[in-house]
Structures are given as structure tokens and as C-alpha cells.
Amino acid sequence: MLNSVGLSLVALLSAVGVATVDGVGYDYYKYHPMPEISNWMQQMVKDYPDIVTIVEYGQTYEKRVISLLKIGTKTEEKKKAIWMDCGIHAREWIAPAFCQYFVSQILQAYKTDPKMQEMMKNMDFYVTPVLNIDGYIYSWKDNTTRLWRKNRSPGPEGCDSIGTDLNRNFDANWGTVGISKNCSSQIYCGSRPVSEPEAQAVTYFVGSRKDEFLCFLTIHSYGQLLLIPYGHPNFTASNYNELMDVGLAAADAIRNVHGMNYTVGTSPAVLYANSGSSRDWARLQGIPLAYTFELRDKGVFGFQLPEDQIQPACEEAYSGALHIITYAHNKAFSGASTTTAATTAATTATTTATTTAATTTAAAVATSAATLWTLLLTVAVICSNLM
């Protein structure tokens, strides 16, 4: 019943073409150039001064400031954290669009949803809308640059090509598989691990507070995939089963929105082997839940996903990301949060289902609660957008 109501509302929204906008008329269902995204970040701070701040944490090769939105209840107590970055590859415009949508939805949910309020009390969300700012700006230059992937740093001495693939530059089995040492290649890994200022910024910011992070989500396109560590076929994450279970449940949450299927697995198993990714680096740092989202589609439009697909792509990915984040929260704060989630679940689930959930392991409870709450919040968000 819940799924059918949610799907009907989504279908209705799509039919009438309603766009979610904030008080200043920002359209989340179109692609925005970097100046508009920067202005939007400032507007979020103005609209939600009690829970949103901008943190500057690095510079690009072309000396542009890399900044993120820190979202959460302000407190003197040390909190756990969630990481999300978008736009590490310049041409993947749907990724920054998703980061903006994600921020708008969790802020809307915070106003009325006790679960989101609880999560923001216990955790801070660190969201970087565009990591590869130089490359992203260059991809907006004209039609000849639209598919630019890398950053804009010069190659090594004797190389006339520009750019390093930032997602091959992290210190995670760097330079071993799925890379190129040819500086003109799209997957050039750089002259050494973490040679690029953008990778350095993430490495320092996340690495210096790695014990705070419960999950690390990096958003890409395309392929409709949820990739888990590791990209090197000779290495397996110690919590592989957990990563797969949570990822598969997130894929279910995604499918429940618009019927889209996402494949879950390691990169060598479902895509190709690679090394030097930020996801693998995060897991090697001890962050337990690290995922790469490859958003729509499966190749019909590829990196040039039409704007009329931004809304459904974001809605479904939001549901999947929210499941992973909720699971991470419930596992870390199993006392209060599991009780709260179970209470919410009791209003919609049968007594038998609630009793069964209560007898499972802590991880299973977290997964069940995350799944149900994700569905409930998805419907709530859709309803609020409709009104």
C-alpha cells in the first residue's frame, strides 16, 4: 500500500512537471553553472542559519576555493559525520544536481520529521556539491568541452595534455589497475598518489577526522550502480557482506521509487577494476560504509542526461542514499535511534512484523528501520512537493 501510494504520487508529480524550488525560486530540476551553485550555497546558509554553515577546505589547481555545506544541529559535543561529494568528474552534471537536491530534501525533512531531527542531532552532514570545480567550469565552456572529465592541472614535464583523473589519484592501491600512466589518457592517475590539490583537500579534511565518519558517499554517473570497495580484484573489504547487504537494500529503496534497477557489487565484479578511487581510500581509512553511486542512465544519454530526468534520478538516488545513511546512524546509535525507528514503524507495520524485527540482530534492526523510514520519508517528501 505504502509503495503504491508513493509511486502514484511520483507519477503524478512527473506528469504535471512540478519543480521543487526554495523561497528564491531555485530550480533543482535543471543544471546550474558554478556561480549559481555557489550562490545557492550562500542562500542555504541564509535560509537555515541554525544548522547550515559553509566550510572552505582546499583550493583547486586554478586557485578556486573548494567548499562544502556542513549541515547539522550545532553543539559543543563531538558528533559523528556523513560525507558526500559530487562532481569529481566534470562531465557528470547529474551528480552536482543530486547533491543540491539531497541538501534541499534533508533540510525540508528537518523541519517536520523527528527522525531527521534526531540524525542531525547525532551527526553532521558534509556535502561538497562540486569537488572538481575547475573541470566543471571548463565543461560549461562550450560544446567542445562538455565531456571533459579530469581536473585542469598541467601534465608532467614533456606532456602537452591537461588534467588528472581525480578518482585515480587517491592513495588506495594507487597506479596498479584500471589506470594509465599516459598523461593524455582519460584515466591518467597523476605523477604520484595524491598529487592533485583536489584529492589533497579531501584526504586532509576527511583523514584528519576519519574516526567521526560513519559513511562516505561519492556520487558519479552513469550506469545505475552502487559500487563497494575495493576496485582492485585482489582485495576484499573486511565487512564485504555488510556492504553488500546494505547496498542491496538501498537498491531496493531506489527501485521502489521509479522502478529503476541498480546493480550492487565491487567495481571488478560489475564494472571494471580500478585503483586510486576516493571510495577505496575512505574504506582503507577505516570508514565502514563507503559507496560510489553511479546515477542514471545505462548509456542511452550517458553523461548528457536530459534535464527532464533530473527529478526522477534525484528522487530515486535520494531514497537509496537515505537508506545507507539511516542504517549507519541506527547502527552507531542503536539505543535511542532504533527505539525511535521501531516506534515509527509500529504505526504502519503489523504487530507480527514489529515483533520479528525486535528479535533480530542490531545490524538487522538498523537495516529494517532504515528501509521503512526511507519509504516513509520518500512519501512525505513527495507529498510536500505536491502541495
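**Notebook: the eight-stranded sheet and its helix α3**

Entry 1. I began with one strand pair and found that β6 (residues 225-228) and β8 (residues 289-295) are joined by three bridges in the antiparallel sense. Within this pair, I noted Phe293 of β8 as the bridge partner of Leu226. I record here that the model is a predicted one.

Entry 2. I then looked up the sheet to which these strands belong. It is an open sheet of eight strands with mixed pairing, in the order β1-β2-β4-β3-β5-β8-β6-β7. At the edges I found β1 (52-59) and β7 (263-266), each of which pairs on one side only. On average, neighbouring strands are turned by 20° against each other, direction ignored.

Entry 3. I asked which strands helix α3 (residues 94-112) touches where it packs on the sheet. I list β1, β2 (65-71), β3 (80-86), β4 (123-128), β5 (213-221) and β8. The direction of α3 makes about 145° with that of β3.

Entry 4. I next examined the packing of α3 with helix α10 (residues 310-332), where the axes are 9 Å apart and the angle is about 60°. The crossing of these two helices is right-handed. From α3, I noted Ile94, Ala97, Phe98, Tyr101, Phe102, Gln105 and Ile106 in the contact. From α10, the contributors include Ile310, Ala313, Cys314, Glu315 and Tyr318. By class, I recorded 13 nonpolar residues, one polar and one charged in this contact.

Entry 5. I turned to β4 and its partners. Strand β4 pairs with β2 in the antiparallel sense over three bridges, whereas β3 and β4 run parallel and are joined by six bridges. Val127 of β4 is the bridge partner of Leu69, and Met84 also stands opposite Val127.

Entry 6. How many of the six residues of β4 are buried? I found six of six, and the strand is mostly covered. In a regular strand the side chains alternate between the two faces of the sheet. I therefore checked both faces of β4, counting a residue as buried under 20% relative accessible area. Met123, Phe125 and Val127 are buried on one side, and Asp124, Tyr126 and Thr128 are buried on the other.

Entry 7. Finally, I took down the totals. The protein has 13 helices and eight strands, and 56% of its 387 residues count as buried. Its accessible surface comes to about 15400 Å², with 53% belonging to carbon and sulfur atoms. Among contacts with a separation of 6 or more, 75% are between residues 24 or more positions apart.

How values were computed: Residues numbered from 1 in each chain as written. Predicted model: local features only at pLDDT ≥ 70, side-chain atom pairs only at ≥ 80, totals over all residues. Heavy atoms only, no water. Helix = DSSP H or I, 4+ residues; strand = E, 2+ residues; numbered from the N terminus. Buried < 20%, exposed > 50% of the residue type's maximum accessible area, 1.4 Å probe, protein only. Contact = heavy atoms within 4.5 Å. Areas by Shrake-Rupley, 256 points an atom, 1.4 Å probe, with all protein chains shown as cover. Pairing = 2+ DSSP bridges. Axes fitted to C-alpha atoms, helices over the stretch in contact; angles between N-to-C directions. Left-handed = near helix turned anticlockwise from the far one by under 90°. Nonpolar A, V, L, I, M, F, W, Y, C, P; charged D, E, K, R; others polar.
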